[in-house]
Amino acid sequence: MGLRPNLLTRRTAGVASTTLALLLSTAAVGVVPAASAFSAAPTEVCVEPADVHSDARVKPGSGAEHEPNELTLAETREREADMAAALRERARFRAGAGASTMAAAVTIPVVVHVIQENSTRAGGNIPDSMVNSQINVLNQSFSGATGGASTAFSFQLQKINRVTNPSWYPIVQGSSAERSMKTSLRTGGKNTLNIYLGELSDSLLGWATFPTRKLNSMDGVVVLSESLPGGTATNYNQGDTGTHEVGHWLNLYHTFQGGCSGSGDSVSDTAAEASPAYQCPTGRDTCTAPGTDPITNFMDYTYDSCMHQFTAGQASRMLTAWNAYRAA
Ligand SMILES: [Zn+2]
């Protein structure tokens, strides 16, 4: 179901994970078990602060899918409280500094780390042109040029950093190797977007950290290199994984967060959705609340060809989060 046979083979080969796997049958496209899985703090020597969460985008139907980091209701409540506290903190700081305005337009510096096993394409050596195309996709997506709301954000590539290190390949979500990689490579302040590209564990297309008040070396976005425009990840090779993960980095939840009840994804203009949508199920409507499922939203799990927008509410949430967490 969208996984290339060779990719499938690579991805099922010996990737350990402490997260709870949600197994999907190959026929289960569009259906996801109701249970969510959230990995507790990794049992590594260097303990992750409790407020560092990450989130992932997955493909359906590989037979061994993981949903490593979907948030529970308690976790989203914790995150919402933290953002409110961060905003209060920033307001006090700004008042003390005599600064009155919050940023309304933001250019985000981007550093891209291309993690390679060797110098071959199969070993992660993608051309610079793909990275440049990904930056273009981010700029298009976040400007509203693809049909959604215009957001405050644009992206400026600062550097492509090529790293050949077989011990970081594939990049294994939640592993000590991921921590080592990021600790070694992450550059810039809280406003700098670090993107790590490579082959990924567990059939994942990508994952990202949500913003935190104190910069953590894990901060950043991990994306399957072949999901970049021109890549080989069929149905997921137009660069929208990058857009999705940067959405998380700017504090967006999935559109299906919370299902049909409660505050859902904490954005008022995304219709409630019971579970992730895969492929492009036009007309899907899983909740009795008004509106069909937001399958064209970047924060769902549909094909790249299906998703093309953020909403005004998401744009507002991202800017609020920027001013709370990442603005200078
Ligand atoms: Zn996600």
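Biologist: Before going further, is T243 buried or exposed, and what is its relative accessible area?

Modeller: The general idea is a scale of relative accessible area, on which buried means under 20%, exposed means over 50%, and partly exposed lies in between, with a 1.4 Å probe and protein chains only. On that scale T243 is buried, at a relative accessible area of 0%. Please keep in mind that this is a predicted model, in which local features need pLDDT of at least 70 and side-chain atom pairs count only at pLDDT 80 or more, while totals for chains, interfaces and linings use all residues. Residues are numbered from 1 along each chain as its sequence is written, and side-chain values use heavy atoms, with hydrogens and water left out.

Biologist: Which helix holds T243, and how many residues of that helix are buried?

Modeller: Helices (H or I, at least four residues) and strands (E, at least two) are taken as DSSP runs and numbered from the N terminus. T243 belongs to helix α5, where 10 of the 10 residues are buried, which leaves the helix mostly covered; among them are D240, H244, E245, H248 and W249.

Biologist: Which residues touch T243 when those up to four places away in sequence are not counted?

Modeller: A contact here is a pair with heavy atoms within 4.5 Å. With residues up to four places away in sequence left out, T243 touches Q134, V137, L138, S141, F142, F298 and F310.

Biologist: How should I read the packing of helix α3 against helix α5, and at what angle do their axes cross?

Modeller: Two packed helices are described by the angle between their axes and the distance between the axes. The axes are lines fitted to C-alpha atoms over the stretch in contact, and the angles run from 0 to 180 degrees between N-to-C directions. An angle under 35 degrees counts as roughly parallel, over 145 as roughly antiparallel, 65 to 115 as roughly perpendicular, and the rest as oblique. For α3 (residues 128-143) and α5 (residues 240-249), the axes come within 9 Å and cross at roughly 60°, which means that α3 is oblique to α5. The contact is formed by Q134, V137, L138, S141 and F142 on the α3 side, and by D240, G242, T243, V246 and G247 on the α5 side. By class there are four nonpolar, five polar and one charged residues in this contact, where Ala, Val, Leu, Ile, Met, Phe, Trp, Tyr, Cys and Pro count as nonpolar, Asp, Glu, Lys and Arg as charged, and the others, Gly among them, as polar.

Biologist: How do I read handedness, and is the crossing of α2 and α6 left-handed or right-handed?

Modeller: A crossing is left-handed if the near helix is turned anticlockwise from the far one by less than a right angle, and right-handed if clockwise. The crossing of α2 and α6 is left-handed, whereas α3 passes α5 in a right-handed crossing. Helices α2 (residues 73-97) and α6 (residues 312-326) pack at about 55° with their axes 8 Å apart, and α2 is therefore oblique to α6.

Biologist: What is the situation of strand β5, and how many of its residues are buried?

Modeller: Six of the six residues of β5 (residues 204-209) are buried, so this strand is largely enclosed by the rest of the structure. Strands pair if DSSP finds at least two bridges between them; β5 and β6 (residues 221-224) pair in the antiparallel sense over three bridges, and in β6 the bridge partner of G206 is V223.

Biologist: Which backbone details in the loops deserve a look, for instance where is the cis peptide bond?

Modeller: The cis bond joins Y169 and P170, with omega of about -5°, and P170 sits in the loop between β3 and α4 (176-185). In the loop between α5 and α6, N251 has a positive phi near 80° although the residue is other than glycine, and N251 counts as buried at 0% relative accessibility. S266 is placed in the loop between α5 and α6 and has a positive phi near 65°, but S266 is partly exposed at 28%.
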